[in-house]
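Q: I am new to this structure and would like to learn how salt bridges are read from a model. Could you take me through them step by step?

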Amino acid sequence: MDSFSPERRHYIMSQIRSKDTKPEKQIRSALFKAGFRFRICDKRYPGKPDLIFPRYYAVIFINGCFWHAHEKCRLFDFPKSNKPYWQKKFARNKERDAQNLKYYQDQCWRVCFVWECAIRGKNSRQKIENVKDRIIQWLEEPDEAFLELRGPVVEKE
């Protein structure tokens, strides 16, 4: 049973955006200030990566821990109500992420996943700087085809 009325739930869900999220803007701003230029959520690219670096043959997906069911993450907790719906939704999101990763790897593009938990919490400015530095290093050293940046692992019972 949902704890909100249908109207309230509709309002809450309508406020969630798929692009221009706060984590996206923070990473974009940091990389732009560092001199990097990129495309944003270009529909021509499968999965509409959050940041596309054609010059480096690299794409970055900035994932929300809840929407992508980030396992062992402090920001993800499985909803208590309507479990079949959420199980199906999270499974489909994970499947889509895997398909996008495979597509870009097959096309010899480099892929980076930045999880929301990598830049949120205490000292978020420092975390954003650390993530920015790691992405810059990854972009400029093309030996590494895949990069995943995440926060600390949390063991849940």
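A: The turns below go through salt bridges and the exposure of their partners, and the model we are reading is a predicted one.

Q: How many salt bridges are there in this model?

A: A salt bridge is counted when a side-chain nitrogen of Lys or Arg is within 4 Å of a carboxyl oxygen of Asp or Glu. By this rule, the count for the model is 10 salt bridges.

Q: Which residue forms a salt bridge with D42, and is D42 buried or exposed?

A: The partner of D42 is R44, and their closest N and O atoms are 2.7 Å apart. Buried means under 20% relative accessible area and exposed means over 50%, so D42, at 13% relative accessibility, counts as buried, whereas R44, with a relative accessible area of 62%, is exposed.

Q: Where do D106 and K102 lie?

A: Both residues belong to helix α3 (residues 83-106), where they are 4 residues apart, about one turn of the helix. The salt bridge between D106 and K102 has its closest N and O atoms 2.8 Å apart, and K102 is partly exposed because its relative accessible area is 49%.

Q: What is the distance between the closest N and O atoms of K132 and D133?

A: In this salt bridge the closest N and O atoms of K132 and D133 are 3.5 Å apart. K132 is buried, at 13% relative accessibility, while D133 is partly exposed, at 41%.

Q: Which residues are joined into one network by salt bridges that share partners?

A: The residues joined in this way are D20, E24 and R28.

Technical notes:
Residues numbered from 1 in each chain as written. Predicted model: local features only at pLDDT ≥ 70, side-chain atom pairs only at ≥ 80, totals over all residues. Heavy atoms only, no water. Buried < 20%, exposed > 50% of the residue type's maximum accessible area, 1.4 Å probe, protein only. Helix = DSSP H or I, 4+ residues; strand = E, 2+ residues; numbered from the N terminus.
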